Amino acid sequence: MAEPGDADAAPTPEGSGTPLVPVKSLYDWTPGPEVRAALARLEATPGGWQEGDDDDRAG
Amino acid sequence: MTTVRVEAPSGLQMTGHYRTIVTGYFREWFAVHFSKEATIEHPNLRGLLWSEELASKLLVETLMRWHPAKEGHRPALLVGPGAWVPRRLGIDERNMNLAGKDGAVYHEGEVVGTHTFFGLSKVYQEAEILAGEAYRELRRFGPLIRQELFLQRFEVAGLDKPFKVKEAQDTWAVPVTVAYVINEAWQLVPHTPFVKRLGAALTLGP
């Protein structure tokens, strides 16, 4: 069990006792904005890769 | 660098791509990876070997088969399926380059799919290292995974921010998301030649 001050302890706003770390359901979880942007780039690139192509082909 | 070889799933050759087959493939991949110390890269994870035994120190499972009440105390790597979204490649999804003399119409499209791997542990650093191990494995073996799953494309979309798990108290989760593109091609073959159908329509018409 992590104690306050440990690297593993979730930081809390002073006096509130409420963790700043988000609590999420694994079943409802969705990627954050950076990963969503990477996914959007992939979705906007039709044709996929063929064997031997390089990464710039579709861009 | 580890070398793990997973046999290509025969289900793909028999049925084509189903999401559950891809999920099972990833689960099997990491079950093999975490079953031997020699294939685990991070030294802190070498004591966390996976086995089929209930006493296994590490759980490698699909998200749907995870029981937080029974298994939430163990560190885990969970495989969760994401959305599969079809993408059109052309008008009516037709492949104009192929035309059958028998009247067959060839179609082609793509599916963009995702899977997410969650490194879980009561200890934050352990969840991070588990997810990091999965990230490195997927990055390095991406070309092989693409080949074995017959994918057009395979990418690690990213290692996401940590959070605490609602379903398991005091458990950290660190997600790694992969994205891939599957080609779908099919043909529609008429039961009777076009001219024969035309004749029937003329006969039966008013």
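In this predicted model, strands β2(B) and β4(B) run antiparallel and are joined by 11 bridges. Within β4(B), the residue that stands opposite B:G80 is B:T116.

Strand β4(B) also pairs with other strands of its chain. With β7(B) the pairing is again in the antiparallel sense and extends over 17 bridges; here B:F118 has B:P175 in β7(B) as its bridge partner. With strand β3 of chain B, which spans residues 94-99, β4(B) forms an antiparallel pairing over two bridges. In that pairing B:R94 is matched with B:H107 of β4(B). As for its surroundings, β4(B) is mostly covered, since 14 of its 17 residues count as buried, that is, under 20% relative accessible area. In general, the side chains of a regular strand alternate between the two faces of the sheet.

Attention may now turn to the contact between the chains. Chain B contributes 36 residues to this contact and chain A contributes 28 residues. Together, chain B and chain A bury about 2,800 Å² between them, and 61% of this area lies on carbon and sulfur atoms. The elements of chain B that each supply at least two residues to the side touching chain A are β2 (76-88), β4 (105-121), α4 (124-148), β5 (153-159), β6 (163-165) and β7 (172-188). Of these, β7(B) provides the largest share, with seven residues. Strand β7(B), the antiparallel partner of β4(B) over 17 bridges, thus also appears on the side of chain B that touches chain A. By residue class, that side of chain B comprises 19 nonpolar, six polar and 11 charged residues.

What is the count of salt bridges between chain B and chain A? The count is zero, although 11 charged residues are found on the side of chain B that touches chain A. Polar contacts, by contrast, are present: nine residue pairs, with both members at pLDDT 80 or more, are in polar contact between chain B and chain A.

The two chains are also linked through strand pairing. Strand β1 of chain A, residues 23-24, runs parallel to β6(B), and two bridges join them. In this pairing A:K24 has B:V165 as its bridge partner in β6(B). Strand β6(B) is also one of the elements that supply at least two residues to the side of chain B touching chain A.

Note on methods. Residues are numbered from 1 along each chain as its sequence is written. Chains are lettered from A and ligands numbered from 1 in the order in which they are written. This is a predicted model: local features need pLDDT of at least 70, side-chain atom pairs count only at pLDDT 80 or more; totals for chains, interfaces and linings use all residues. Side-chain values use heavy atoms; hydrogens and water are left out. Contact means heavy atoms within 4.5 Å. Buried area is the accessible area (1.4 Å probe) that two parts lose on being put together, summed over both. A salt bridge is a side-chain nitrogen of Lys or Arg within 4 Å of a carboxyl oxygen of Asp or Glu. A polar contact is a pair of N or O atoms within 3.5 Å; within protein, one must be able to donate a hydrogen and the other to accept it, and residues adjacent in sequence count only if both atoms are side-chain atoms. Helices (H or I, at least four residues) and strands (E, at least two) are DSSP runs, numbered from the N terminus. Ala, Val, Leu, Ile, Met, Phe, Trp, Tyr, Cys and Pro count as nonpolar, Asp, Glu, Lys and Arg as charged, and the others, Gly among them, as polar. Two strands pair if DSSP finds at least two bridges between them. Buried means under 20% relative accessible area, exposed over 50%, partly exposed in between (1.4 Å probe, protein chains only).
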